[in-house]
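Subject: Structure for your records, with findings

Dear colleague,

Please find below the structure that I am handing over to you. I would be grateful if you would keep it open while reading the notes beneath it.

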Amino acid sequence: MVKFLSPFIFFCFFLSLFSAFANAEVGLWKVEKGQKTSYLFGTVHVGDKQMQGLPVKVKTAIKNSDKVMVEVNLEALSQLAIQQRSIPFMLLKGNQTLASQLSPEVYNKLKAYFAAKQIDIALFERYAPWAVMVTMLQLEYQKLGFTDKNGIDKQVIAFANESNIAVDEFETLEYQLEMFSQLSVHSNDMLKETFAQMADLNTYFLDLVAAWRSGDLKKLSHYYNVSFSDDKYGQLAEQLMIIERNNNWIEILKEQLPNTSLFVAVGALHLVEQYGLIAQLKAEGYTITPL
């Protein structure tokens, strides 16, 4: 059976594709209001071996917090549990096949992509297009030496566990899987955009990493805007993957921040723009200071 990455890997927008900056002064913000101080950390979800080791300021902030909040804590689940909970979302229903979900043009392009890697597309006959998309991105990351094992999120969770700091999650694995299932209404556009993203993989990632490591909100906002197309798929992807999730998270933070010092570690795209966590927290009266 094909092994897939967890779905949230897809939208980390390639920020982690340059390991030389792994331990540079990454973007970390202090969140203050009243007597409690919390922290906001934009993460990347994949990395290579050279990315091992969190910056000192991040470790200090985690130790100074009552609890760490991440998107979803897959480290609390066994691989078997992840697989069992994922498969029902990833498999097509009834007599549907991958070919039946796609146009002949997109399907043939997909077939050629896997054939070039000596992989028979028949392996994916029963899988939803979004699950195949995640596999494609996994292959591209692996080709460059990057996996989720060295991702910043996992390192944050591991350090919190070592430091006996509680780890909580904003959403469940099922929530993320359902999110991708909803995107399947635009499967053709999804895969077309995936091919386009992979073609640009080595074009602008240096600038993206520089923006991430320095907490450059202007650059992050720029790449946010170019990450979502203006077609129906791009609009739905932004709504489901960023806007709705940020709005849900803000409601959780509004409830917990007054009484708990939190270390919030989420993908960097969730920090910027109108619905970003930074703007929404400022609107709630919090002072946000870059560290």
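The notes that follow begin with the overall make-up and then turn to the cores, two helix pairs, a strand and several loop residues.

**Overall make-up**

Please bear in mind that this is a predicted model. The protein has 291 residues, of which 53% are buried. Its secondary structure consists of 12 helices and 6 strands. If one takes the contacts between residues at least 6 apart in sequence, 84% of them link residues at least 24 apart.

**The nonpolar cores**

The largest nonpolar core contains 62 residues. Within this core, the residues with the most contacts are Leu40, Leu110, Trp130, Met136 and Leu281. Helix α11 is the element that gives the most to this core, contributing 9 residues.

Met136 may serve as an example of how such a residue is surrounded. Setting aside residues up to four places away in sequence, Met136 touches Leu110, Tyr113, Phe114, Leu191, Thr194, Phe195 and Met198.

There is also a second, separate core of 18 residues, and Val44, Ala61, Ile62 and Ala160 are among its members. Ala160 also appears in helix α6, which spans residues 152–162. The buried residues of α6 are Ile152, Asp153, Gln155, Val156, Ile157, Phe159 and Ala160. After α6 comes Asn164, which has a positive phi near 60°.

**Helices α7 and α11**

Helix α7 covers residues 173–183 and helix α11 covers residues 232–256. Their axes lie 10 Å apart, and the two helices pack at an angle of about 160°. Because of that angle, α7 is roughly antiparallel to α11. The crossing in which α7 passes α11 is right-handed.

On the α7 side, the contact is formed by Tyr175, Gln176, Met179, Phe180, Gln182 and Leu183. On the α11 side, it is formed by Tyr233, Leu236, Ala237, Leu240, Met241, Arg245 and Asn248. Sorted by class, this contact of α7 with α11 comprises 9 nonpolar, 3 polar and 1 charged residues.

**Helices α4 and α8**

The second pair joins α4 to helix α8, the latter made up of residues 187–199. Their axes come within 10 Å and cross at roughly 40°. That angle therefore makes α4 oblique to α8. The crossing of this pair is left-handed.

From α4, the contact draws on Glu105, Val106, Lys109, Leu110 and Tyr113. From α8, it draws on Asn188, Leu191, Lys192, Phe195 and Met198. By class, the contact between α4 and α8 has 6 nonpolar, 1 polar and 3 charged residues. Several names recur here: Leu110, Tyr113, Leu191, Phe195 and Met198 are in this helix contact, and they are also among the residues touched by Met136.

**Strand β4 and the surroundings of Val167**

Val167 belongs to strand β4, residues 166–169. With a relative accessible area of 21%, Val167 is partly exposed. Apart from neighbours within four places in sequence, Val167 is in contact with Val68, Val70, Asn73, Ile157, Ala160 and Asn161. Two of these, Ile157 and Ala160, are buried residues of α6. The C-alpha atoms of Val167 and Asn73 are separated by 7.7 Å, although the two residues are 94 apart along the chain.

A further pair involves Ile157. Its C-alpha atom is separated by 9.6 Å from that of Ala76, the two residues being 81 apart along the chain. Ala76 is situated in the loop between β3 (67–70) and α2 (79–90). Ala76 counts as exposed because its relative accessibility is 59%.

**Two loop residues with positive phi**

Most residues other than glycine have a negative phi. Two loop residues may therefore deserve your attention when you inspect the backbone.

Gln118 is not a glycine, yet its phi is positive, at about 60°. Gln118 is located in the loop between α4 (104–116) and α5 (129–143). Its relative accessibility is 77%, so Gln118 counts as exposed.

Glu273, likewise a residue other than glycine, has a positive phi near 70°. Glu273 sits in the loop between β5 (262–267) and α12 (277–283). At 31% relative accessibility, Glu273 counts as partly exposed.

With kind regards

How values were computed
Residues are numbered from 1 along each chain as its sequence is written. This is a predicted model: local features need pLDDT of at least 70, side-chain atom pairs count only at pLDDT 80 or more; totals for chains, interfaces and linings use all residues. Side-chain values use heavy atoms; hydrogens and water are left out. Axes are lines fitted to C-alpha atoms, for helices over the stretch in contact, and angles run from 0 to 180 degrees between N-to-C directions. Helices (H or I, at least four residues) and strands (E, at least two) are DSSP runs, numbered from the N terminus. Angles under 35 degrees count as roughly parallel, over 145 as roughly antiparallel, 65 to 115 as roughly perpendicular and the rest as oblique. A crossing is left-handed if the near helix is turned anticlockwise from the far one by less than a right angle, and right-handed if clockwise. Contact means heavy atoms within 4.5 Å. Ala, Val, Leu, Ile, Met, Phe, Trp, Tyr, Cys and Pro count as nonpolar, Asp, Glu, Lys and Arg as charged, and the others, Gly among them, as polar. Buried means under 20% relative accessible area, exposed over 50%, partly exposed in between (1.4 Å probe, protein chains only). A nonpolar core is a set of buried Ala, Val, Leu, Ile, Met, Phe, Trp, Tyr and Cys residues joined through side-chain atoms within 4.5 Å.
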